[in-house]
Structure formats: structure tokens, C-alpha cells
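The following paragraphs walk through one protein chain, starting from a helix and working outward to the sheet and the cores. Please keep the model open while reading.

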Amino acid sequence: MIRIILAEDQGMLLGALGSLLNMEDDFEVVGTATNGEEAVALVQSLQPDVCVMDIEMPVMNGLEAAELLKEDPCKTIILTTFARTGYFDRARRAGVQAYLLKDSPIEQLAEAIRLVMAGRKMYAPELMDMMYESDFIENPLTERESEVLTLVAKGKSTKEIAATLFLSPGTVRNYMSTILEKLQVGNRIEAISLVKEKGWLK
């Protein structure tokens with residue numbers, strides 16, 4: 001029996017997925033979570049075989065949870081609405097074994113669960129296509145640059161960002177110049193728009 005945890009913040013979808021997977025003879029949904037933090041706690045306490053997670057959830061998103069579970073024997077499957085190169089790249093780095101889209105048939109999710117249990121990987125065809133497109137690039141920003149841009153996206157001023165990250169305002173301005181240069185954009189708004197589109201903004 002393959003023991004499964006589901007993490008999804010939409011209650012109706014969470015219930016439907018649980019019911020459909022429990023109909024499979026070799027599956028048992030042993031726990032459900034509505035955010036990444038709950039999912040990590042359930043994996044650690046129940047030690048399931050597979051955790052199927054959405055990405056955009058409150059408290060902690062699915063990618064952050066997957067990163068925390070990277071060394072855990074539980075296999076992680078991402079099930080999301082978003083076919084974003086940045087999300088996909090981050091998921092692969094976190095050791096996610098499968099990345100599927102929510103418009104896929106339930107049979108595909110069942111197949112993915114069995115495949116990852118057999119030691120294989122499964123990615124949505126749309127994402128595989130992206131890997132071979134010229135615009136599939138990895139996030140060029142360092143962790144600190146990403147932190148700066150995340151605070152900018154939250155509307156923080158240079159002075160507020162400096163205080164939060166224990167930097168001088170001049171250093172923050174230098175980071176922003178580097179960020180704009182790396183992303184090849186002209187201003188902060190374009191930078192935020194680009195990283196959101198690519199799924200690079202935490």
C-alpha cells in the first residue's frame with residue numbers, strides 16, 4: 001500500500017483528490033494539509049511514501065516545503081496550476097520527483113505516484129518543452145539579491161530594506177543596480193514583473 005499525504009489549500013479540490021486517490025486499490029491517503037508547514041509536519045510524523053503538494057499555499061508554499069523535505073525519504077510530487085519555468089527549475093533543485101499540472105487527468109497523477117515509487121520521474125509535457133526553449137534560464141540572482149527584490153515587491157523603501165537586512169542604504173542601491181543589470185530591465189517595476197512571471201520571487 002502506497003501511503004500518501006495531500007497538501008492543497010482549496011478545500012473542495014483537497015477532498016476530491018483524496019476521494020479519487022483512495023479509490024485506487026494500492027493507495028491510502030493518510031493525511032491532508034492546507035499549507036506547506038502542515039505538510040512538512042505530517043510527513044515528519046506519519047512518514048508517508050509520497051507527498052502531493054500544490055505550490056501557492058499560505059504560511060509556507062509547496063516549493064519551500066519541498067526544499068525542507070529534500071533529504072526525507074518521502075517522495076514529493078508537485079501538482080499546480082502554474083507551468084512556470086522558475087517554479088519548475090526550483091522544484092527540480094529541491095529534488096521533486098514529479099511536477100504535474102492540475103488540468104491533467106487523475107489517471108496521470110496515479111501514474112506519477114506509481115512511477116516515483118519505482119524510482120522514476122515524471123514531468124508535465126509542457127514543462128519538458130520549456131526546458132528546450134531558449135528562454136528557459138535559471139534565476140541569475142543570488143539569495144541576497146532575491147531578498148532585496150522581494151522586499152522591494154512588498155513596497156519597502158531603500159531605508160526600510162537596509163534596516164531589515166542590516167545593510168547600508170548605499171549597499172541596497174548597489175544591489176538594485178546589479179539586479180536590474182542581471183535581469184536586463186530598466187526599473188524596479190519591470191524587475192518585479194519579470195521575476196513574478198518566471199516564478200523566481202519567493
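Begin with helix 5, where Leu 109, Ala 110, Ala 112, Ile 113, Leu 115 and Val 116 are buried. The model is a predicted one. Helix 5 covers residues 106-117. Its length can be checked against the expected rise: at 1.5 Å a residue, twelve residues should span 16 Å, and the end C-alpha atoms lie 17 Å apart, which agrees. Just past the end of helix 5, Gly 119 adopts a positive phi of about 90°.

Helix 5 sits in the chain between two strands. Together with strand 5 and strand 6, helix 5 forms a β-α-β unit that is left-handed. Strand 5 and strand 6 (residues 122-123) run parallel and are joined by two bridges. Within this pair, Tyr 99 is opposite Tyr 123 of strand 6.

Strand 5 itself takes in residues 98-101. Which way do its side chains point? Ala 98 and Leu 100 point to one side, Tyr 99 and Leu 101 to the other, and all are buried. This fits a general pattern: in a regular strand, side chains alternate between the two faces of the sheet.

On the other side of the account is strand 4, residues 75-80, which runs parallel to strand 5 and is joined to it by four bridges. Leu 79 stands opposite Leu 100 in strand 5. The connection between strand 4 and strand 5 passes through helix 4 (residues 85-93), and this β-α-β crossover is right-handed. A further bridge partnership links Ile 77 with Ala 98 in strand 5.

Strand 4 is mostly covered, with five of its six residues buried. Strand 4 also pairs with strand 3, in the parallel sense, over four bridges. Met 53 has Ile 78 of strand 4 as its bridge partner. From strand 3 the chain passes through helix 3 to strand 4, a β-α-β crossover that is again right-handed.

One residue of strand 4 deserves a closer look. Thr 80 belongs to this strand. Is Thr 80 buried or exposed? Its relative accessibility is 0%, so Thr 80 counts as buried. Beyond its neighbours within four places in sequence, Thr 80 contacts Asp 54, Ile 55, Tyr 99, Leu 100, Leu 101 and Lys 102.

The strands can now be placed in one arrangement. They form an open sheet of six strands in the order 2-1-3-4-5-6, with parallel pairing. Strand 2 (27-33) and strand 6 are the edge strands, each pairing on one side only. At the strand 2 end, strand 1 and strand 2 pair in the parallel sense over six bridges. There, Arg 3 has Glu 28 in strand 2 as its bridge partner.

Next come the nonpolar cores. In soluble globular proteins, nonpolar side chains tend to be buried together. The largest nonpolar core here holds 26 residues, and Cys 51, Met 53, Ile 78 and Tyr 99 have the most contacts inside it. Strand 1 (2-7), helix 2 (36-46), strand 3 (50-53), helix 3 (62-68), helix 4 and strand 5 each contribute at least two residues to this core. A second core is separate from it and has 21 residues, among them Ile 4, Leu 14, Leu 79 and Ala 110. Ala 110 is also one of the buried residues of helix 5, and Leu 79 is the residue opposite Leu 100.

What does Ile 78 touch? Not counting residues up to four places away in sequence, Ile 78 touches Met 53, Ile 55, Gly 62, Leu 63, Val 96, Ala 98, Tyr 99 and Leu 100. Of these, Met 53 is its bridge partner.

Finally, consider the chain as a whole. The protein chain has ten helices and six strands. Its C-alpha atoms fill a box of roughly 60 × 35 × 30 Å along the principal axes. Of the 202 residues, 45% count as buried. Among contacts between residues at least 6 apart in sequence, 62% join residues at least 24 apart. The chain exposes about 10,400 Å², and carbon and sulfur atoms supply 51% of that area.

How values were computed:
Residues numbered from 1 in each chain as written. Predicted model: local features only at pLDDT ≥ 70, side-chain atom pairs only at ≥ 80, totals over all residues. Heavy atoms only, no water. Buried < 20%, exposed > 50% of the residue type's maximum accessible area, 1.4 Å probe, protein only. Pairing = 2+ DSSP bridges. Right-handed = clockwise from strand over helix to strand, strands pointing away. Expected span 1.5 Å × (residues − 1). Contact = heavy atoms within 4.5 Å. Areas by Shrake-Rupley, 256 points an atom, 1.4 Å probe, with all protein chains shown as cover. Core = buried A, V, L, I, M, F, W, Y, C linked by side-chain atoms within 4.5 Å.
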